[in-house]
Amino acid sequence: MTSPHTTDVSHIAPRDKAEILSQALPYIRKFHGKTIVIKYGGNAMTDPELQQDFAEDVVLLKLVGLNPVVVHGGGPQIEDALNKLGKKGHFIQGMRVTDAETMGVVEWVLAGEVQQDIVGLINAAGGKAVGLTGRDGGMIRAKQLKMLDKDDPSKEHDIGQVGDIVSIDPSVVKALQDDQFIPVVSPIGFGEANESYNINADVVAAKLATVLQAEKLLMLTNIRGVLDKQGELLTELTPRRIDELVEDGTISGGMIPKIAGAIDAAKSGVNAVHIIDGRVPHAMLLEVLTDQAYGTMISSR
């Protein structure tokens, strides 16, 4: 009996199965040895069967010669932990306000519970995952994010220990890749005084993809991609079109840093940036190894 998320392939003839597999060959050849950065979030992180699909996809990509790097979020898990402590999450322009107590919870949830769950899933699927934060290998240096008011740029919001990336040193990631490990990165950076910063996971994924000169940046979300006001999928976007969509309110809230990071990565040499629907079983595998388009592709011009 198949689960609701599982595709039943038992009725497919052997020749057709072979044809499906052979169609992946050009993509395996094209991307062999290339780095793919994956921002892991949304339902794919919370639905047990989609978690399993994700872990299997990451391991398969590694086995066929690609170099996946996972950057994960954990907003819902952080919210749950804060609620249990009686602390209500507060957001300004899509960014979580992070005081010292909240930062402690963020580190405990992201670098502990969430990261280790992902590492365990990938290892159980046959991979060799290693968890990292921005402290490991001095990877992510950060400073406090200056949040300007979107309506009044002369006004600045204090959002606490929310970080802006100063620099990324990818040497620890590259060393792990060279030893056939799969890095799993929590979006936590550190400052000059060794203070911790909570950094938007979309921004970390985009910057890391840029520094690693990744072939692709895949952002898993809870929607089909970027939608217009009629709810139709926009399959390809340029920076000019994105500016128009932000201006008219079509793109807002938490989608803004996701889109901004995607544009920066595309302009900085990442060959393709895709915002894809993490609710689709094996969406990541379909995006990378077939000619099917799932979601929205961000181009640099």
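**Exercise 1.** In this predicted model, find which residues have the most contacts inside the largest nonpolar core.

*Solution.* Start with the core itself: the largest nonpolar core holds 40 residues. Within it, Val 37, Leu 217, Ile 259 and Ile 298 have the most contacts. Next, look for the helix that gives the most to this core: helix α10 (residues 255-267), with six residues. Then turn to a second, separate core, which has 37 residues, including Ile 38, Val 58, Leu 110 and Ile 122. As a general rule, nonpolar side chains in soluble globular proteins tend to be buried together.

**Exercise 2.** List what Leu 217 touches, leaving out residues up to four places away in sequence.

*Solution.* Go along the chain. Leu 217 touches Val 37, then Ala 205, Ala 206 and Ala 209. Further on, Leu 217 also touches Ala 265, Val 270, Ala 272, Val 273 and His 274.

**Exercise 3.** Work out which elements the buried residues of α5 pack against.

*Solution.* First pick out the buried residues of helix α5 (residues 75-84): Gln 77, Ile 78, Glu 79, Ala 81 and Leu 82. Now see what they meet: α3 (43-46), β3 (91-92), β4 (95-96) and α6 (100-124). Finally, look past the helix: α5 is followed by Gly 86, with a positive phi near 75°.

**Exercise 4.** Decide why Glu 287 does not count as having a salt bridge.

*Solution.* Locate Glu 287 in helix α11 (residues 283-289). This residue is buried, and its nearest side chain of opposite charge, Lys 216, is 4.6 Å away. A salt bridge needs the charged atoms within 4 Å, so this pair does not qualify. Still, the side chains of Glu 287 and His 274 share a polar contact of 3.3 Å.

Terms used. Residues numbered from 1 in each chain as written. Predicted model: local features only at pLDDT ≥ 70, side-chain atom pairs only at ≥ 80, totals over all residues. Heavy atoms only, no water. Core = buried A, V, L, I, M, F, W, Y, C linked by side-chain atoms within 4.5 Å. Buried < 20%, exposed > 50% of the residue type's maximum accessible area, 1.4 Å probe, protein only. Helix = DSSP H or I, 4+ residues; strand = E, 2+ residues; numbered from the N terminus. Contact = heavy atoms within 4.5 Å. Lys, Arg positive; Asp, Glu negative; His and termini not counted. Polar contact = N/O pair within 3.5 Å; in protein donor to acceptor, adjacent residues only side chain to side chain.
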